[in-house]
Each structure stands twice: as C-alpha cells, then as structure tokens.
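Open the model in a viewer and keep a selection tool at hand. The stops below go from one selection to the next.

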Amino acid sequence: AEALAGVLGPEGFRVVATSRDDRAADEDIRSGRVDVVVAVYEKAQVLFLQSSGFRAAMRLVIADEAQLARDLHRGPAIELMLTEWLRRPRPPQLIALSSGMAAPEEFAARLGMQLFEWEERPVALRAGSLVLETGRAQWSDEATGEAQVRETGVMIAPHEEVAPRIGELVRAFERPALLFVPSRWQARHYARELARGREPQA
C-alpha cells in the first residue's frame with residue numbers, strides 16, 4: 001500500500017490498506033471515500049458482502065497470486081468470490097496475476113477471462129534445493145537447463161534452529177530472495193529484522 005500511495009498519491013488518489021488487525025480505514029472504504037484498497041482476498045470479500053458503497057464503487061479488481069484459487073483450503077472461497085464479483089449487473093474489470101499457476105487456460109476460461117502469458121522475467125528464477133547441513137545449493141539454469149551449484153558457506157546442523165541464520169542465507173546468494181514462512185507475524189518479524197541489517201532471532 002505504501003508503494004502504491006507513493007505512485008498514485010501525487011496524482012490525487014487515496015490509497016489505503018485494511019486487514020483483520022488494522023481496520024482504521026474500513027469506514028471510509030465502506031462509504032466509497034477511497035480510490036484504491038489493498039486487502040487479502042478474505043477481507044475484500046467481507047467488505048464486498050457488508051458494504052453496498054464498496055460494491056458500487058468497485059470498478060477494477062487486481063487479484064494478485066491468483067494461483068491461490070487452486071489452494072486446497074483457501075481456493076474454493078477465493079474462486080467463488082471472483083465469480084460473484086463477475087456476475088454483478090455491472091461487474092468490475094478483473095485482472096488476475098500469477099507467476100506459477102498450473103493450467104491457466106482452464107482457469108481463465110472458467111471465469112470468462114482473456115489469457116495473456118509473458119515468459120520473460122526481470123530476474124531469472126532459480127528453482128532448486130538447498131542442503132542445510134552442507135550449505136550446498138543446486139538448481140537448473142533457466143536458459144540452458146544446465147545444473148548449477150553454489151557453496152553458500154552457511155552450514156546448519158539438523159538440531160540447529162534455522163530462523164536465526166536466515167539473514168546469512170539471504171546474503172550468501174547476493175540476489176533478491178523470496179522467503180516463505182508459516183505465519184503473518186513471522187513474515188513481519190523477519191522483514192523488520194532483515195531491513196535493519198540484522199539476523200532474525202528465533
């Protein structure tokens with residue numbers, strides 16, 4: 001939300017974020033007094049169901065990480081929500097973004113959307129494995145398919161806690177990294193600690 005506000009704010013758009021924990025902007029959202037709302041799928045659905053003002057003001061929906069519609073637990077509710085939005089008398093324009101959805105053609109056809117695929121990446125994706133005990137990372141080069149190996153120098157014993165050494169692993173690769181953690185609290189905690197240049201504590 002902050003990044004969007006930095007771009008759209010000078011143009012006169014009001015950008016807000018809302019979540020289960022931060023509801024400060026909810027009343028303005030319900031009354032249609034904001035231009036851009038950033039929310040997870042579930043919170044957006046709550047606002048859609050509760051607020052006629054929000055429904056009336058909705059003109060464009062950008063659904064990021066659309067592959068979540070295939071998730072075993074969240075998927076059915078997310079896809080139902082998108083379908084409900086598109087069945088309105090005046091449906092919003094829907095743009096669904098995904099970098100890793102299986103069978104995107106079938107997903108787009110089911111929602112009546114046009115599929116646009118872009119193969120290039122600003123940064124090559126490395127999909128492979130990291131053996132913590134040896135610190136050795138292995139992956140296949142996206143362009144050539146050749147096996148690549150890197151010795152990170154970060155070795156973590158089986159009984160050792162991983163969390164305190166995440167910073168070391170990120171720095172070892174010297175490139176942007178995407179970290180997946182089990183909870184929202186851990187995501188915020190790791191982000192704050194890494195932004196300060198420190199390693200997260202367990």
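Which residues in α3 meet which residues in α5? Select Y41, A44, Q45 and F48 on the α3 side, and I78, M81, E84 and W85 on the α5 side; these residues meet each other. The model is a predicted one.

**Whole chain**

Before going further into that contact, show the whole protein as a cartoon. The secondary structure comes to 8 helices and 7 strands. Along the principal axes, the C-alpha atoms fill a box of roughly 60 × 40 × 35 Å. The protein has 202 residues, of which 27% count as buried. Take the contacts with a separation of 6 or more: 42% of them come from residues 24 or more positions apart.

**α3 against α5**

Now select residues 41–50 for α3 and residues 75–86 for α5. The two helices pack at an angle of about 40°, and their axes are 10 Å apart. That angle makes α3 oblique to α5, because the oblique class takes in angles that are neither under 35 degrees, nor over 145, nor from 65 to 115. The crossing in which α3 passes α5 is left-handed. Colour the contact by residue class: 6 residues are nonpolar, 1 is polar and 1 is charged.

Stay on α3 and select Y41, K43, A44, Q45, L47 and F48, the buried residues of this helix. What do the buried residues of α3 pack against? Add α2 (26–30), α4 (52–57) and β3 (60–63) to the view, with α5 kept on; the buried residues of α3 pack against these four elements.

Centre next on Q45, which lies in helix α3. Is Q45 buried or exposed? Its relative accessible area is 16%, so Q45 counts as buried, the cut-off being under 20%. Leaving out residues up to four places away in sequence, Q45 touches M81, E84 and W85. M81, E84 and W85 are among the α5 residues already selected for the contact with α3.

**α5 against α6**

Keep α5 on and add α6, residues 104–111. The axes of α5 and α6 come within 10 Å and cross at roughly 40°. That makes α5 oblique to α6. For the contact itself, select E79, L82, T83 and L86 in α5, which meet F107, R110 and L111 in α6. By class, this contact has 4 nonpolar, 1 polar and 2 charged residues.

**Two loop residues with positive phi**

Most residues other than glycine have a negative phi, and most peptide bonds are trans. Two loop residues to select here have a phi of the other sign.

Go to E65 in the loop between β3 and α5. E65 is not a glycine, yet has a positive phi of about 50°. Its relative accessibility is 37%, so E65 counts as partly exposed.

Then move to A103, placed in the loop between β4 (93–96) and α6. A103 also has a positive phi of about 50° without being a glycine. At 41% relative accessibility, A103 is classed as partly exposed.

**The sheet β5-β6-β7**

For the last stop, hide the helices and show β5, β6 and β7. In what order do the strands of this open sheet stand? The order is β5-β6-β7, a sheet of 3 strands with antiparallel pairing. β5 (128–131) and β7 (147–151) are at the edges; each has a single partner strand, so one side of each is left without a neighbour in the sheet. From one strand to the next, the twist averages 15°.

Strands of a sheet pair through backbone hydrogen bonds, either parallel or antiparallel. To follow one pairing, select β5 together with β6, residues 136–140; these two strands run antiparallel and are joined by 4 bridges. G128 stands opposite W139 in β6, and S129 stands opposite Q138.

Finally, trace the backbone between these two strands. β5 and β6 form a hairpin with 4 residues between them. Select G135 in the turn, where phi is positive at about 75°.

Note on methods:
Residues are numbered from 1 along each chain as its sequence is written. This is a predicted model: local features need pLDDT of at least 70, side-chain atom pairs count only at pLDDT 80 or more; totals for chains, interfaces and linings use all residues. Side-chain values use heavy atoms; hydrogens and water are left out. Two strands pair if DSSP finds at least two bridges between them. Axes are lines fitted to C-alpha atoms, for helices over the stretch in contact, and angles run from 0 to 180 degrees between N-to-C directions. A crossing is left-handed if the near helix is turned anticlockwise from the far one by less than a right angle, and right-handed if clockwise. Contact means heavy atoms within 4.5 Å. Ala, Val, Leu, Ile, Met, Phe, Trp, Tyr, Cys and Pro count as nonpolar, Asp, Glu, Lys and Arg as charged, and the others, Gly among them, as polar. Buried means under 20% relative accessible area, exposed over 50%, partly exposed in between (1.4 Å probe, protein chains only).
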